[in-house]
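This note comments on the pockets and on one helix pair. The points below are numbered for ease of reply.

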Amino acid sequence: MTEKIVLASGSPFRKALLVHAGVAVEAVPAEVDERALEAPLKDSGISPEDVALVLAEAKATEVSERKPGALVLGCDQTLSLGDEVFHKPADMEAARRHLLALSGKTHQLNSAVVLAHDGAVLWRHIGVASLTMRKLDPAFIGRHLARVGARALSSVGAYQIEGEGIQLFERVEGDYFTIVGLPLLPVLAKLRELGAIDG
């Protein structure tokens with residue numbers, strides 16, 4: 001169907017997941033202002049899952065218009081605690097506030113993926129995982145952030161479950177790949193269905 005698969009993301013981790021799964025992929029970061037796209041959605045009653053889908057679709061279609069003939073995968077992840085949606089912390093103080101807010105509670109990670117071709121959406125999927133953080137002592141949060149450093153700023157929850165962040169949790173329900181930001185098994189199934197990868 002297509003000449004190549006393009007990942008509309010600058011995330012080295014998402015690219016590595018696809019490459020390790022045997023998918024030849026070119027990474028082309030989308031040129032979209034996520035916060036500007038999200039602003040009008042804030043008071044619309046749209047769910048955090050749908051916010052992730054809107055952003056993933058915007059990324060996929062923007063890159064697919066720049067890459068004619070390519071099958072483009074756009075991704076986005078939101079973290080929701082009730083009605084509140086979290087974004088990547090801007091600094092270590094924001095990371096500390098994130099972890100304090102999540103401490104002792106269950107939050108959702110909503111990982112959206114959209115496939116687009118020549119500006120048209122072919123497929124959408126949302127994976128949802130529920131994570132329960134143990135009750136964290138504020139002093140421990142400080143020590144934890146000192147150990148992980150700037151890595152805390154690279155994810156919406158100020159943690160990486162694939163690293164030391166796993167120690168923050170008492171329960172995790174959901175697919176590992178959804179948690180780390182790319183629901184890989186549904187993506188691979190759709191790519192096989194489209195004939196984009198061997199299946």
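1. By residue class, the lining of the largest pocket comprises 15 nonpolar, 11 polar and seven charged residues. The model under review is predicted, and the pocket encloses about 730 Å³ of space. Of the 33 residues that line this pocket, Arg-14, Gln-77, Lys-88, Ser-154 and Ser-155 are the closest to its centre.

2. Which elements give two or more residues to the lining of the largest pocket? They are helix α1 (12–20), helix α2 (34–38) and strand β3 (71–81). Strand β3 provides the largest share of that lining, with five residues.

3. The second largest pocket holds about 300 Å³ of space. Its lining consists of Arg-35, Glu-38, Ala-39, Leu-41, Lys-42, Ile-46, Ser-47, Pro-48, Val-51, Asp-83, Val-85 and His-87. Two or more of the lining residues come from each of α2 and α3 (48–66). Helix α2 thus appears in both accounts: it gives two or more residues to the lining of the largest pocket and two or more to that of the second largest pocket.

4. Sorted by class, the residues lining the second largest pocket are six nonpolar, two polar and four charged. Among the lining residues are Arg-35, Glu-38, Lys-42 and Asp-83, which count as charged.

5. A separate matter is the packing of two helices. The axes of α4 (residues 92–102) and α5 (residues 138–148) come within 10 Å of each other and cross at roughly 135°. Helices α4 and α5 are therefore oblique to each other, since an angle over 145 degrees would be needed to count as roughly antiparallel. The crossing in which α4 passes α5 is right-handed.

6. Where do α4 and α5 meet? On the α4 side the residues are Met-92, Ala-95, Arg-96, Leu-99 and Leu-100, and on the α5 side they are Pro-138, Ile-141, His-144 and Leu-145. The residues of this contact divide into seven nonpolar, one polar and one charged.

Notes. Residues numbered from 1 in each chain as written. Predicted model: local features only at pLDDT ≥ 70, side-chain atom pairs only at ≥ 80, totals over all residues. Heavy atoms only, no water. 1 Å grid on protein atoms, 1.4 Å probe; cavity = no way out; pocket = protein on both sides within 12 Å on 5 of 7 lines; lining within 4 Å. Points joined across faces, edges and corners; volume = space filled by probe spheres on them. Helix = DSSP H or I, 4+ residues; strand = E, 2+ residues; numbered from the N terminus. Axes fitted to C-alpha atoms, helices over the stretch in contact; angles between N-to-C directions. Parallel < 35°, antiparallel > 145°, perpendicular 65-115°, else oblique. Left-handed = near helix turned anticlockwise from the far one by under 90°. Contact = heavy atoms within 4.5 Å.
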